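Welcome, and please open the model in your viewer. Have your selection tool ready, and we will walk through it together.

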Amino acid sequence: MALAAVTLIAACGDGGEGTGTEAPSAGEFDGRAWNTDDLSGSITNVGFGGTFSEAEFEFVWDPFTEITGVEVVEIPWSTDIYNRIESQVAAGRVDIDQFSVTAGNYEQFADCCLEDIDYSLFPQAVLDTMDEQYKLPKAVGYAEASIVLAYSTDAFPDADSQPKTWADFWDVERFPGKRSMQNFEPVKVIEAALLADGVAPDQMYPIDWDRAFAKLEEIKPHVVKWWGSGTEAQQLVATGEATMVAMSNARVEDLIDQEAPVAYTLNEALAHVDFLAVPKGAPNAAASMASIAFRFEESIGARIGEAWRQPIPSTAIYDAADKALADSWTTSTNDVPELGGVPNDITFRIDSFYWYETYPGTDRSNYDVINERFQSFIAS
């Protein structure tokens with residue numbers, strides 16, 4: 001999610017211009033369990049800045065403030081945010097009301113540091129169309145992001161011979177040119193390698209680490225750069241320096257909006273979900289919980305999903321959105337041939353929790369051990 005922070009979200013505009021759903025009407029949320037007269041004050045949210053936060057204020061925070069009177073203050077996300085919250089909770093001096101967590105952060109901080117999510121406040125239709133793994137006791141999945149296979153249409157102009165799979169990404173004879181993948185963590189790089197090597201999606205976990213690195217050795221000579229930011233990934237594929245890049249779906253959509261010569265497939269898109277949580281002892285936990293429930297209203301979730309292109313993992317949210325925009329979501333249920341088929345069926349969903357299980361024979365996580373190996377691999 002942090003990598004999406006500076007992406008140009010072309011769907012955003014004044015008053016919702018450019019989005020497919022209408023702004024919420026007065027009285028639309030009267031009688032909702034979260035919409036009570038007890039809400040007041042302000043909440044502090046950890047945001048990602050730039051146009052990412054601009055969209056969040058336009059489609060979530062400003063409407064919430066208008067309805068409830070609760071002001072929203074944003075502070076910037078930083079790499080130490082989890083340790084900061086842990087220290088605040090331990091000291092009993094919490095000044096943050098809401099922040100985004102990953103599966104690994106959840107495992108580490110849930111018991112000590114997070115409030116229970118009050119699901120009684122949420123729209124039931126949305127909850128009913130979410131997988132149970134996204135409705136955790138102390139965090140709720142609010143954005144499904146994915147790494148997709150993006151490619152230069154200058155290099156591959158013929159629709160019948162454009163890359164469709166991670167096996168194609170590895171096939172430099174049929175699909176010549178340089179490649180690029182992320183450098184900051186092995187998650188999704190490892191899964192892409194194993195899908196390219198023929199591992200069936202339902203046989204991915206537990207991961208065969210040696211097999212994955214052997215496959216990465218094959219592509220390594222053809223990697224022009226291991227990218228470190230979404231902007232860098234965009235530049236590599238837009239300029240043709242790399243004919244294929246494994247990168248964020250939102251970043252590719254941004255390039256397409258700018259009429260750059262790029263396209264992508266959602267086939268084997270590597271999706272993961274980020275979660276929202278409320279720190280234990282948050283100064284305005286009630287209002288924070290209400291704001292999260294508000295985000296999950298179908299009309300609100302649809303609008304922020306259209307802007308971010310990283311939606312709440314619920315088909316009810318998809319159904320409420322403009323299909324011209326939502327068909328590029330990995331939660332889509334419509335047939336989109338130009339993106340590889342039916343995204344919800346062809347997407348590969350990362351088991352983020354597996355990455356934070358203990359690596360055999362150590363007291364460290366799979367993530368920590370394999371990230372160390374991965375960093376050595378790309379540096380050598």
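This tour has two stops, a disulfide and a pair of packed helices, in what is a predicted model.

**Stop one: the disulfide**

Select Cys112 and Cys113 and show their side chains. These two cysteines form a disulfide, with their sulfur atoms 2.3 Å apart. In general terms, a disulfide is a covalent bond that links the sulfur atoms of two cysteines. The count for this structure comes to one disulfide.

Now turn the view to look along the S-S bond. Is this disulfide left-handed or right-handed? The torsion about the S-S bond of Cys112 and Cys113 is about -90°, so the disulfide is left-handed.

Next, switch on the surface. Cys112 is partly exposed, at a relative accessible area of 35%, whereas Cys113 is buried, at 2%. The cut-off for buried is under 20%, so Cys113 qualifies.

**Stop two: a helix pair**

Select residues 50–68, which are helix α1, together with residues 298–308, which are helix α11. Their axes lie 9 Å apart and the helices pack at an angle of about 160°. That angle is over 145 degrees, so α1 is roughly antiparallel to α11. The crossing of α1 past α11 is right-handed.

Which residues make the contact? On α1, show Phe52, Ala55, Glu56, Glu58, Phe59 and Val60. On α11, add Ile300, Arg303, Ile304, Ala307 and Trp308. Try colouring this contact of α1 with α11 by residue class: you will find eight nonpolar residues, three charged and no polar ones.

Methods
Residues are numbered from 1 along each chain as its sequence is written. This is a predicted model: local features need pLDDT of at least 70, side-chain atom pairs count only at pLDDT 80 or more; totals for chains, interfaces and linings use all residues. Side-chain values use heavy atoms; hydrogens and water are left out. A disulfide is a pair of cysteine sulfur atoms within 2.5 Å. Buried means under 20% relative accessible area, exposed over 50%, partly exposed in between (1.4 Å probe, protein chains only). Axes are lines fitted to C-alpha atoms, for helices over the stretch in contact, and angles run from 0 to 180 degrees between N-to-C directions. Helices (H or I, at least four residues) and strands (E, at least two) are DSSP runs, numbered from the N terminus. Angles under 35 degrees count as roughly parallel, over 145 as roughly antiparallel, 65 to 115 as roughly perpendicular and the rest as oblique. A crossing is left-handed if the near helix is turned anticlockwise from the far one by less than a right angle, and right-handed if clockwise. Contact means heavy atoms within 4.5 Å. Ala, Val, Leu, Ile, Met, Phe, Trp, Tyr, Cys and Pro count as nonpolar, Asp, Glu, Lys and Arg as charged, and the others, Gly among them, as polar.
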